[in-house]
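Look at the structure below and follow the chain from its start. The paragraphs after it go through helix packing and charged pairs.

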Amino acid sequence: MENIEIIVSIASAALGLLITTVTFISKFVTNAKAKKAMENIVKIGNAVIPYIREAEAFAHYSGEEKKQFVMTKANRFAIDNGLKFDEQAVSDKIEELVALTKQVNKRGSI
């Protein structure tokens with residue numbers, strides 16, 4: 001009877017340790033993936049700045065056509081550098097950068 005109590009006690013401690021370890025590893029892997037995804041977005045975000053400048057030189061193109069040019073260049077950059085391309089995140093980053101430059105230019109013209 002005493003042996004069974006010891007075995008159950010050890011088993012419950014081992015099970016608790018196993019659950020804690022699995023939880024830690026899964027959170028670590030999830031955080032590592034999220035970190036990698038954010039690093040990729042930052043790399044692509046930094047790469048699109050020259051593409052935005054280049055697209056702004058296209059006088060007879062609409063804003064949407066310029067954005068598609070930048071998106072295509074960003075996708076090519078991601079492929080060339082082995083990065084995962086998140087179209088929505090890159091699109092949001094481009095919109096953010098364009099809005100920032102418009103705000104800066106607006107202040108400069110006052």
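Which residue forms a salt bridge with Lys-66? The partner is Glu-56, and the closest N and O atoms of the pair are 3.9 Å apart. A salt bridge here is a side-chain nitrogen of Lys or Arg within 4 Å of a carboxyl oxygen of Asp or Glu. Glu-56 belongs to helix α1 and Lys-66 to helix α2, so this salt bridge ties together parts that are 10 residues apart in sequence. Lys-66 has a relative accessibility of 15% and counts as buried; buried means under 20% relative accessible area, exposed means over 50%, and partly exposed lies in between, with a 1.4 Å probe and protein chains only.

Some ground rules apply to this predicted model: local features need pLDDT of at least 70, side-chain atom pairs count only at pLDDT 80 or more, and totals for chains, interfaces and linings use all residues. Residues are numbered from 1 along each chain as its sequence is written, and side-chain values use heavy atoms, with hydrogens and water left out.

Now turn to the two helices themselves. Helices are DSSP runs (H or I, at least four residues), numbered from the N terminus. The axes of α1 (residues 2–56) and α2 (residues 63–80) come within 9 Å and cross at roughly 140°. Axes are lines fitted to C-alpha atoms, for helices over the stretch in contact, and angles run from 0 to 180 degrees between N-to-C directions. The crossing angle makes α1 oblique to α2, because angles under 35 degrees count as roughly parallel, over 145 as roughly antiparallel, 65 to 115 as roughly perpendicular and the rest as oblique.

Where the helices meet, with contact meaning heavy atoms within 4.5 Å, the residues of α1 include Ile-44, Val-48 and Tyr-51, and those of α2 include Phe-69, Val-70 and Phe-77. By class, this contact has 11 nonpolar, no polar and 5 charged residues. Ala, Val, Leu, Ile, Met, Phe, Trp, Tyr, Cys and Pro count as nonpolar, Asp, Glu, Lys and Arg as charged, and the others, Gly among them, as polar.

The model has 5 salt bridges by the rule above. One of them joins Glu-95 and Lys-67, at 2.8 Å from N to O. Glu-95 is in helix α3 (residues 87–108) and Lys-67 in α2, so the pair links distant parts of the chain, 28 residues apart. Glu-95 is partly exposed at 43%, whereas Lys-67 is buried at 16%.
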